[in-house]
Amino acid sequence: MKDVLFGCQGLDLSLAGRQILSGVSLSLNAGELLGLVGPNGAGKTSLFEVFCGRYKNDRGSVFLEGKDITGLSFHSRTRRGVGRTFQSPVVPMSLSVAETFRATRKAWKPYLSRHDAEWAARLAHLSVNWETPAAALGAFDRRKLILACLLMRRPKVLLMDEPASGLINAEIDELELIIRRLVDEYRIGVVLIEHRLELLAAVADRTVVLDLGEVIAEGTPEDVFLNPRVKAAYFENADA
């Protein structure tokens, strides 16, 4: 596939003697949203930790734009265009929104301008007073602030870990619009871990299902969620 942007091949990961990932391979195209689902303990967040360089895999490789980045650090991968959000929207407790943006702009060279921050805030739908303490923001605005800080650096890949967690339905609808715009207009590749299956069904182009550290299904959300093996693994009372 000529547009393959990011992915992994044959990833194995063990932690404290326990096998977490086994032979995981997947690919992400430019301008594609890939859903990543599975029951608790399937290895989804651990896979993200390998992708961003926080965990070192035992075997296999991670690639970006055709280059092997397996040996690169978290910071090196970030500079090359891999952005990551976490399940909890943790923001700087002692900084205002403006100060958080300034810290992001000055994090590394080339330094960015306030214009870059304003552009990213609009793209993330962040409409708050910039003098507001970041810690005083609600859950959705915290997620928007984190996303805007990532967008300032023009990421090629976004790894989003349960971005709808704690949001109400109207906020989830807005989140869907934001993410689809990043994918469709800006050609950012997004890998989305999400337990809100209705959100994945609405936004994902493809979905990969993990169970016990292995890929058990891949395809459109409609096909994957009807897969008997997925039902048996993911839905508590589903028939196999």
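**Close-up 1. Arg187 sits in the loop between H6 and strand E8 (189–193).** This is a predicted model, like every view that follows. Arg187 isn't a glycine, yet its phi is positive, near 60 degrees. For context, most residues other than glycine have a negative phi. The side of the story you can check by accessibility: Arg187 is partly exposed, at 43% relative accessible area.

**Close-up 2. Glu65 is another non-glycine residue with a positive phi, in this case near 50 degrees.** Look for Glu65 in the loop between E4 and E5. With a relative accessible area of 44%, Glu65 counts as partly exposed.

**Close-up 3. Four strands make an open sheet, in the order E2-E1-E4-E5.** The pairing here is antiparallel. At the edges you'll find strand E2 (18–29) and strand E5 (67–68), each of which pairs on one side only. Zoom in on strand E1 (residues 4–15) and E2, and you can follow eight bridges running between them in the antiparallel sense. A handy landmark for this pair is Gly7, which stands opposite Ser27 in E2.

**Close-up 4. Helix H1 (residues 44–52) lies across E1, E2 and strand E4 (59–64).** H1 runs at about 115 degrees to E1. Eight of the nine residues of H1 are buried, so the helix is largely enclosed by the rest of the structure. The buried set is Lys44, Ser46, Leu47, Phe48, Glu49, Val50, Phe51 and Cys52. Just past the end of H1 comes Gly53, with a positive phi of about 95 degrees.

**Close-up 5. Cys8 and Cys52 are not joined by a disulfide.** Why is there no bond from Cys8 to the closest cysteine sulfur? That sulfur belongs to Cys52 and is 13 Å away, too far for a bond, because a disulfide needs the two sulfur atoms within 2.5 Å. A search of the whole structure turns up zero disulfides. Both side chains in this view belong to buried residues: Cys8 has 1% relative accessibility, and Cys52 has 2%.

**Close-up 6. Arg54 and Glu49 form a salt bridge, with their closest N and O atoms 2.6 Å apart.** Is each partner buried or partly exposed? Arg54 is partly exposed, with a relative accessible area of 47%, whereas Glu49 is buried, at 8%. Glu49 is also one of the buried residues of H1. The structure as a whole holds 13 salt bridges.

**Close-up 7. Arg180 forms a salt bridge with Asp184, the closest N and O atoms being 2.6 Å apart.** Both residues belong to helix H6 (residues 169–184), and because they are four residues apart there, about one helical turn separates them. Asp184 is partly exposed, with 46% relative accessible area. Arg180, on the other hand, counts as buried at 16% relative accessibility.

**Close-up 8. Arg180 also meets Asp205 in a salt bridge (3.4 Å, N to O).** What does this pair tie together? Asp205 lies in the loop between helix H7 (197–203) and strand E9 (206–211), while Arg180 is in helix H6, so the salt bridge links parts that are 25 residues apart in sequence. Asp205 is partly exposed, with a relative accessible area of 33%. Elsewhere, salt bridges with shared partners join Glu49, Arg54, Arg84 and Asp161 into one network, so if you go back to the Arg54 and Glu49 view, keep Arg84 and Asp161 in the frame as well.

**Close-up 9. The peptide bond from Lys109 to Pro110 is cis.** Its omega is near 0 degrees. In general, most peptide bonds are trans. To find the spot, go to the loop between helix H3 (97–105) and helix H4 (114–123), where Pro110 has its place.

Technical notes
Residues are numbered from 1 along each chain as its sequence is written. This is a predicted model: local features need pLDDT of at least 70, side-chain atom pairs count only at pLDDT 80 or more; totals for chains, interfaces and linings use all residues. Side-chain values use heavy atoms; hydrogens and water are left out. Two strands pair if DSSP finds at least two bridges between them. Helices (H or I, at least four residues) and strands (E, at least two) are DSSP runs, numbered from the N terminus. Contact means heavy atoms within 4.5 Å. Axes are lines fitted to C-alpha atoms, for helices over the stretch in contact, and angles run from 0 to 180 degrees between N-to-C directions. Buried means under 20% relative accessible area, exposed over 50%, partly exposed in between (1.4 Å probe, protein chains only). A salt bridge is a side-chain nitrogen of Lys or Arg within 4 Å of a carboxyl oxygen of Asp or Glu.
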